[in-house]
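This report describes one protein chain, first as a whole and then through selected residues. The sequence and structure are shown below.

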Amino acid sequence: MLFTSIEFLVFLPVVFSLYWLLRKRLQWQNLMVVAASYLFYGWWDWRFLLLIAFTTLCSFTSGLLIKPERSRRHNMTIMWLNIGINLGILGLFKYYDFFASELASLLGCNGDSVMLHLILPVGISFYTFQALSYSIDVYRGKMEPTRDVVAFFAYVSFFPQLVAGPIERATNLLPQFLRRREFDYGMAVDGIRQMLWGFFKKVVVADNCAIFVDEVWNNIGGHNSLDLIMAAVMFSIQIYCDFSGYSDIAIGTAKLFGIKLMRNFNVPYFSRDIAEFWRRWHISLTTWFRDYVYIPLGGSRVAKWKVVRNTFIIFLVSGFWHGANWTFLAWGAFHACLFLPLILLGKNRRHTDTIAEGHWLPSLKELGQMALTFLLAALGWILFRSQSIGEAIDFYTGIVGNGWSGFNPPMRAILFVALMLVVEWLQRGRSHGLDMNGVRYGVVRYACYLSVLALIFMYGVFNETFIYFQF
């Protein structure tokens, strides 16, 4: 079920009403969350429900079997068994055909004969990682295992963030399902504002950019260099607004149910270097890999060659998490090469303050840093968007050699992008673009809300899927 569909506009108020009618009975309220979430997820294909239920049961059981009184070897075996089962399922559906076809091609065989052609379940990478974090944290002693299976099912399947994150930690989200929730009017109203901003970024900005991006990418050779440059810039904006728009809708929806989800994006295109970009982009995944892969490998507190190794591992794994294609690995390697000098020189955390704090505009130095960081990110997004390495090379060479005549920029999309960037710059110290609690006059706030709503209905492109659903 898409957030931008008519079905969701009916689904949400019905679930919201039933949820709060059950507010005095926690177990029934959690059961309502599970039922609604399984209906939401099964809307695509009911067979997907079997996989998420199995993943949930495996992780729940592993938590019960990991006990302080048992040996460390026993507990580690249980944890790794759960990790192996869940990553095995993920690998089968997401990566088997890729590796089978590549191996068959290497051996000169017919790749199609060894491929399974399995349908990739929506959001499998997201809920798998969310479930795994629970058993790892229980093994590490960061939390006690729960015996409330309904609350655990609600934690793994909570519908707002089920298919595209944020990837929540059990230490944050699970306890919220284990205690009674009370309706918070202020929190719910802020959730509606954040949802509205998310819808604007998705259907007005991202999907209008997509029209131009798809047209150019489908005929790289038929467009001039300026078209290609504009398409790369527009795709950078599209993927940000598409994914962060989903996150805003998810976080805002969760607030309606009294649930707080972690922030997933923090104005990443205002970053002053690549290290800051990765602290602001897809925060839930970046911190997941940091805590469960990078730090266990030794992080940056090891010999220099191991720092290089760890950096490349984390970015290559992050790239491959996005999909079974060499382009994603190349994208990860590209960012590893950009990140590595900063971490080796100890400059990876030099920009942890608020951008241009206390000022309306950035300094010339900050503006140059932001422009360079955006340019590097946009060059990487060309790899991410391309279907093959060959297509990416065609795009890069086309930027240099396709000529400069006949440029026809998508002005409407450019105007929407400019509006979004201005709002996010002004709101860069707040949780989202329509967080206007500090605005003194109510008439100004409501004028902004109504203007955004009007733009959504007048210029929104609806029923387009979210990019990150494929991951």
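What percentage of the 471 residues in the protein do buried residues make up? In this predicted model, buried residues account for 55% of the 471 residues.

## Overall architecture

The secondary structure consists of 18 helices and zero strands. The radius of gyration is 23 Å, close to the 23 Å given by the globule rule for 471 residues, so the protein is as compact as a globular protein of that length. Taken along the principal axes, the box filled by the C-alpha atoms is roughly 70 × 65 × 45 Å.

Contacts between residues at least 6 apart in sequence join, in 77% of cases, residues at least 24 apart. The protein exposes about 21300 Å², and carbon and sulfur atoms supply 65% of this area. As for charge, there are 40 positive and 30 negative charges, and the mean positions of these two sets lie 11 Å apart.

## Two polar residues: N86 and D45

Helix α4 spans residues 72-94 and includes N86. With a relative accessibility of 0%, N86 counts as buried, because the cut-off for that class is under 20%. Which side chains form polar contacts with the side chain of N86? One partner is T55, whose side chain is joined to that of N86 by a polar contact of 3.2 Å. The other is N82, with a side-chain to side-chain polar contact of 2.9 Å. When residues up to four places away in sequence are not counted, N86 touches T55, C58, S59, T128 and L132. T55 is thus named both as a polar partner of N86 and in this list of touching residues.

D45 occupies the loop between α2 (26-42) and α3 (48-65). D45 has a relative accessible area of 14% and is therefore buried, the cut-off being under 20%. The side chain of D45 makes a polar contact of 2.6 Å with the side chain of R47.

## The surroundings of W281

W281 lies in the loop between α11 (274-280) and α12 (283-294). Is W281 buried or exposed? At a relative accessibility of 1%, W281 counts as buried. Leaving aside neighbours within four places in sequence, W281 is in contact with I239, Y240, N264, F265, P268, Y269, T286, W381 and Y468. Of these, Y269 is twelve residues from W281 along the chain, and the C-alpha atoms of the pair are separated by 8.7 Å.

H282 is also placed in the loop between α11 and α12. H282 is not a glycine, yet its phi is positive, at about 40°. With 2% relative accessibility, H282 counts as buried. A positive phi is likewise found at V267, a residue other than glycine, where the value is near 40°. V267 belongs to the loop between α10 (225-256) and α11, and at 6% relative accessibility V267 counts as buried.

## Loop residues with greater accessibility values

F183 is located in the loop between α8 (170-177) and α9 (185-217). Its relative accessible area of 39% makes F183 partly exposed. Apart from residues up to four places away in sequence, F183 touches F16, W20, A188 and L256.

Q387 is found in the loop between α15 (364-385) and α16 (389-401). Q387 has a relative accessible area of 55% and is exposed, because the cut-off for that class is over 50%. Beyond residues up to four places away in sequence, Q387 touches N325 and T327.

## Selected C-alpha separations

The table sets out the sequence and spatial separations of three residue pairs, each with one member discussed above.

| Residue pair | Separation along the chain | C-alpha to C-alpha distance |
|---|---|---|
| W281 and Y269 | twelve residues | 8.7 Å |
| F183 and K255 | 72 residues | 9.5 Å |
| Q387 and W217 | 170 residues | 9.9 Å |

F183 is paired here with K255, while the residues that F183 touches include L256. For Q387, the pair is formed with W217, whereas the contacts of Q387 are with N325 and T327.

How values were computed
Residues are numbered from 1 along each chain as its sequence is written. This is a predicted model: local features need pLDDT of at least 70, side-chain atom pairs count only at pLDDT 80 or more; totals for chains, interfaces and linings use all residues. Side-chain values use heavy atoms; hydrogens and water are left out. Helices (H or I, at least four residues) and strands (E, at least two) are DSSP runs, numbered from the N terminus. Buried means under 20% relative accessible area, exposed over 50%, partly exposed in between (1.4 Å probe, protein chains only). A polar contact is a pair of N or O atoms within 3.5 Å; within protein, one must be able to donate a hydrogen and the other to accept it, and residues adjacent in sequence count only if both atoms are side-chain atoms. Contact means heavy atoms within 4.5 Å. The radius of gyration is taken over C-alpha atoms; the globule rule is 2.2 Å times the number of residues to the power 0.38. Accessible areas come from the Shrake-Rupley method with a 1.4 Å probe; for residues, only the protein chains shown count as cover. Lys and Arg count as positive and Asp and Glu as negative; His and the chain ends are not counted. The place of a charge is taken as NZ of Lys, CZ of Arg, CG of Asp or CD of Glu.
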